[in-house]
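The following exercises concern solvent exposure, charge pairing and overall fold. Each task is followed by a worked solution.

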Amino acid sequence: MCLAVPLKLIEINGCDAVGESLGMRRPLRVDFIPEPKIGDYVIVHAGFAIERLPEQQALEDLESWEELRDVL
């Protein structure tokens with residue numbers, strides 16, 4: 001099972017990109033996302049964006065991650 005934090009695309013250069021979430025930035029690839037755009041939220045597995053998320057879902061998921069972080 002993979003638990004992934006949604007990342008917001010903040011830089012895109014061809015198939016290379018940078019995603020940001022919860023104060024962290026990660027390099028990733030967007031080969032599998034059709035027409036990726038700055039501001040898109042994606043789920044990343046093994047360094048590749050594998051799914052685009054609707055913004056509302058991504059924000060709800062991030063809120064859940066923050067609640068979990070605060071408990072730990």
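A residue is called buried under 20% relative accessible area, exposed over 50%, and partly exposed in between. The model is predicted, and the residue numbers start from 1 along the chain.

**Exercise 1.** Assign Asp31 to one of these classes: is Asp31 buried, partly exposed or exposed?

Solution. Step 1: the relative accessibility of Asp31 is 35%. Step 2: the class between 20% and 50% is partly exposed. Step 3: Asp31 therefore counts as partly exposed.

**Exercise 2.** Determine which residues are joined with Asp31 in a network of salt bridges.

Solution. Step 1: the criterion is a side-chain nitrogen of Lys or Arg within 4 Å of a carboxyl oxygen of Asp or Glu. Step 2: Asp31 and Arg29 satisfy it, with an N to O distance of 2.9 Å. Step 3: Arg29 also forms a salt bridge with Asp16, at 3.0 Å. This second pair links distant parts of the chain, since Asp16 lies in strand 2 (residues 16-21) and Arg29 in strand 3 (residues 24-29), 13 residues apart. Step 4: Asp16, Arg29 and Asp31 thus make up a network of salt bridges. As for accessibility, Asp16 is partly exposed at 41%, and Arg29 is partly exposed at 29%.

**Exercise 3.** Describe the salt bridge between Asp70 and Arg69, and classify the accessibility of both partners.

Solution. Step 1: the closest N and O atoms of Asp70 and Arg69 are 4.0 Å apart, and the pair forms a salt bridge. Step 2: Asp70 has a relative accessible area of 61% and is exposed. Step 3: Arg69, at 46%, is partly exposed. Step 4: by the rule applied here, the count for the model comes to five salt bridges.

**Exercise 4.** State the fold pattern of the protein chain and assess how compact the chain is.

Solution. Step 1: the secondary structure comprises one helix and five strands. Step 2: along the sequence these elements follow the pattern β-β-β-β-β-α. Step 3: the radius of gyration is 12 Å, close to the 11 Å that the globule rule gives for 72 residues, so the chain is as compact as a globular protein of that length. Step 4: 28% of the 72 residues count as buried.

**Exercise 5.** Identify where confidence is lowest and where it is highest.

Solution. Step 1: the chain averages a pLDDT of 93, and 97% of the residues score at least 70. Step 2: confidence is lowest in helix 1 (residues 55-71), at a mean of 90. Step 3: it is highest in strand 1 (residues 7-13), at 98.

Methods
Predicted model: local features only at pLDDT ≥ 70, side-chain atom pairs only at ≥ 80, totals over all residues. Heavy atoms only, no water. Helix = DSSP H or I, 4+ residues; strand = E, 2+ residues; numbered from the N terminus. Buried < 20%, exposed > 50% of the residue type's maximum accessible area, 1.4 Å probe, protein only. pLDDT = per-residue confidence, 0-100. Rg over C-alpha atoms; globule rule 2.2 N^0.38 Å.
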